[in-house]
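Trainee: Could you walk me through how to read a helical model? I would like to start from the contacts and work outwards.
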Amino acid sequence: MTDRRTIQISLRKQPKQTRSTELVAIILEAAVQVLAKEGAQRFTTARVAEKAGISVGSLYQYFPNKAAILFRLQSDEWRQTTELLRGILEDVRKPPLDRLRTLVHAFIRSECEEAGIRVALNDAAPLYRDAPEAQEAKATGNRIVRAFMQEALPHASEAARALVGDLMTTTLSTVGKHFSESPRTSAEIEAYADAMADMFCTYLKSHELG
């Protein structure tokens, strides 16, 4: 049995020229299409190369195996989620509860728009879930949420803020994933996000008053 810790998941070489950067972008776009259609179990470098219109050898210049491609897609998703958290929760021009409501709507909408890719990436998670990049992405998200909770619940204890933050992020992620597994209309997404935001805001207010 192959030890997943020995699987190479980093780029074989970093693209430096414009042509190389464009080729990597083409490969990743093809990978997204293959992943959405075939799922993680049938995802192969050969299928990605065919979809990208290049040889497998050209693909291997940058990605040594399918795990490396999947890891890059997951890394991009982690970065997008982190940017979403930072862009909304650190916007001090808006009250905390308004930011929280905006985050819930943006997150649920994003989950539904990219449901197919997210489910497939989750299936492939054992390939890279122990990678340092995975731990750093989680740590960065936790820091952003922790800072937000300090602002939203200034009178609560550190333990209480940590509990609220963990409960909210876990609920948002778990429920968002479950909700997005079925096709949803814009109206359904809006109504669901509104209900979840109301629940979170009420919960936050109760802890602040307590």
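Trainee: Which residues in helix 4 meet which residues in helix 7?

Mentor: Happy to help, and keep in mind that this is a predicted model. From helix 4, the residues are F71, W78, T82, L85, R86 and L89. Their partners in helix 7 are E133, A134, A137, T140, G141, I144, V145 and F148.

Trainee: And how do I describe the way two helices pack?

Mentor: In general, a packed pair is described by two things, the angle between the axes and the distance between them. Here, helix 4 (residues 66-89) packs on helix 7 at an angle of about 10°, and the axes are 10 Å apart. That angle makes helix 4 roughly parallel to helix 7.

Trainee: What angle and axis distance describe helix 7 and helix 8?

Mentor: Helix 7 (residues 132-152) and helix 8 (residues 158-180) pack at about 125°, with 9 Å between their axes. Helix 7 is therefore oblique to helix 8. The crossing of these two helices is right-handed. On the helix 7 side, V145, R146, M149 and Q150 take part, and they meet E158, R161, V164, G165, M168 and T169 of helix 8. Notice V145: this residue is listed among the contacts with helix 4 and also among those with helix 8.

Trainee: Now a single residue. Is R99 buried or exposed?

Mentor: R99 is buried, with a relative accessible area of 1%; the cut-off for buried is under 20%. R99 sits in helix 5, which spans residues 96-113.

Trainee: What lies around the side chain of R99?

Mentor: Look for polar partners, then for the wider set of neighbours. A polar atom of the R99 side chain lies 2.8 Å from the backbone oxygen of K94. Leaving aside residues up to four places away in sequence, R99 touches I88, L89, D91, V92, K94, F148 and E151. Two of these, L89 and F148, also appear in the contacts between helix 4 and helix 7.

Trainee: How many helices and strands does the chain have?

Mentor: The protein chain has nine helices and zero strands, so reading from the N terminus gives α-α-α-α-α-α-α-α-α.

Trainee: What do the totals for the chain say about burial and surface?

Mentor: Of the 210 residues, 40% are buried. The chain exposes about 12000 Å², with carbon and sulfur atoms supplying 53% of that area. Contacts add another view: among those between residues at least 6 apart in sequence, 71% join residues at least 24 apart.

Technical notes:
Residues are numbered from 1 along each chain as its sequence is written. This is a predicted model: local features need pLDDT of at least 70, side-chain atom pairs count only at pLDDT 80 or more; totals for chains, interfaces and linings use all residues. Side-chain values use heavy atoms; hydrogens and water are left out. Helices (H or I, at least four residues) and strands (E, at least two) are DSSP runs, numbered from the N terminus. Buried means under 20% relative accessible area, exposed over 50%, partly exposed in between (1.4 Å probe, protein chains only). A polar contact is a pair of N or O atoms within 3.5 Å; within protein, one must be able to donate a hydrogen and the other to accept it, and residues adjacent in sequence count only if both atoms are side-chain atoms. Contact means heavy atoms within 4.5 Å. Accessible areas come from the Shrake-Rupley method with a 1.4 Å probe; for residues, only the protein chains shown count as cover. Axes are lines fitted to C-alpha atoms, for helices over the stretch in contact, and angles run from 0 to 180 degrees between N-to-C directions. Angles under 35 degrees count as roughly parallel, over 145 as roughly antiparallel, 65 to 115 as roughly perpendicular and the rest as oblique. A crossing is left-handed if the near helix is turned anticlockwise from the far one by less than a right angle, and right-handed if clockwise.
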